[in-house]
Amino acid sequence: MKANYHTHTTRCGHAFGTDEQYIRAAVEQGFDELGMSDHVPWPYKSGFVHHGVRMPITQLDEYVQTMRTLKEKYAQKISLRIGFECEYFPEYMGWLADMKQEKQLDYLIFGCHYDTTDEGGFYFGNAASAKHLVRYVDSAIKGIETGMFAYMAHPDVFLRRYQRVDENVRAAARDISQACKAKNLPMEYNLHDRYRLGEANGNGYPNPEFFEIVFAEGAKVIIGLDAHEPQEIADPTQWNLAMEETARFGERRIDALAF
Ligand SMILES: [Zn+2]
Ligand SMILES: [Zn+2]
């Protein structure tokens, strides 16, 4: 089974290509299953709209409806799954659980991008100090412990810009791995930063030393493209490399989610 559950659409404002171009690329690359997981829109009480990061909430129904139509259209060629990539924003987790059920979504993945909310909350991809790492681990563990997610996306996203792998990084890797293991939650080996050639000039991800700790702690992994353009699916280079790099996880590498 070949499956990728981390795929975006132009609705988030920082992805490219049509919905069908992503699906056709997956069919051509021999994927059995493709999960659409665009950045979830949150029901901000302030009416905030995060342009360039996520769709406005007014687009939520259109996204789900379009994906349902495409799921039918491509049913003979690929299994399409419908979900979202979501943060842990404590104020809105009840809404998220209700929305998942109401829209009959297949799954949610946990992308721990911002501290508490993105209405001004710190972006963890810019983590630069031990204090930022402590906040990241705190949000990560709370999100993991909700039990709402199918897996944790880019658990090492805090290394995007962070310059060293020091004891703070290793402690974060251990804490997150242990929390994921306890909840039986796979940790994503995310290929987007590599595709973009480590644009933020930090350690980047997936980070070998981070995943050394994931391996040692006995947690599970899952490969995710985090595609923001169809070419990330169409070009098999990163996927094939990741398959080799994660082979040692054996049965602890999850190749498909159970639905
Ligand atoms: Zn994105
Ligand atoms: Zn993503």
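Is His 228 buried or exposed, and what is its relative accessibility? At 4% relative accessibility, His 228 counts as buried, where buried means under 20% relative accessible area, exposed means over 50%, and partly exposed lies in between (1.4 Å probe, protein chains only). The structure is a predicted model, in which local features need pLDDT of at least 70 and side-chain atom pairs count only at pLDDT 80 or more, while totals for chains, interfaces and linings use all residues. Residues are numbered from 1 along each chain as its sequence is written, chains are lettered from A and ligands numbered from 1 in the order in which they are written, and side-chain values use heavy atoms, with hydrogens and water left out.

His 228 belongs to a metal site. Together with His 14 and His 39, each through its NE2 atom, His 228 holds the zinc ion (ligand 1) at 2.0 to 2.1 Å. Donors here are N, O and S atoms within 2.8 Å of the metal (3.2 Å for Na, K and Ca); water is not among the atoms, so sites may look incomplete. Along the chain, the donors of this zinc ion (ligand 1) follow the spacing H-x24-H-x188-H. The pair links distant parts of the chain, with His 14 in the loop between β1 and α1 and His 228 in the loop between β7 and α8, 214 residues apart. Helices (H or I, at least four residues) and strands (E, at least two) are DSSP runs, numbered from the N terminus. His 14 counts as partly exposed because its relative accessibility is 27%.

A second zinc ion (ligand 2) lies 4.5 Å from the zinc ion (ligand 1). Its donors are His 6 (NE2), His 8 (NE2), Glu 85 (OE) and Asp 226 (OD), at 2.0 to 2.3 Å. The angles among the four donor atoms of the zinc ion (ligand 2) run from 79 to 166°, and the site is irregular. For comparison, four donors count as tetrahedral if all angles lie between 85 and 135 degrees; four count as square planar and six as octahedral if opposite donors are over 155 degrees apart and all others between 65 and 115; anything else is irregular. The donor residues of the zinc ion (ligand 2) are spaced H-x1-H-x76-E-x140-D in sequence. Both His 6 and Asp 226 are buried.

The zinc-binding histidines return in the description of the largest pocket. Among its 20 lining residues, His 14, His 39, His 113, Tyr 123 and His 228 lie nearest the centre. A pocket is found on a 1 Å grid over the protein atoms alone, as an open set of points where a 1.4 Å probe fits, with protein on both sides within 12 Å along at least five of seven lines; lining residues have an atom within 4 Å of a point.

Away from the metals, some details of the backbone are worth a look. The peptide bond from Tyr 205 to Pro 206 is cis, with omega near 0°, and Pro 206 sits in the loop between α6 (192-195) and α7 (208-217). His 154 is not a glycine, yet has a positive phi of about 20°. This histidine, His 154, lies in the loop between β5 (151-152) and α5 (167-182) and is buried, with a relative accessible area of 2%. Asn 184 also has a positive phi, near 55°, and is found in the loop between α5 and β6 (187-190).
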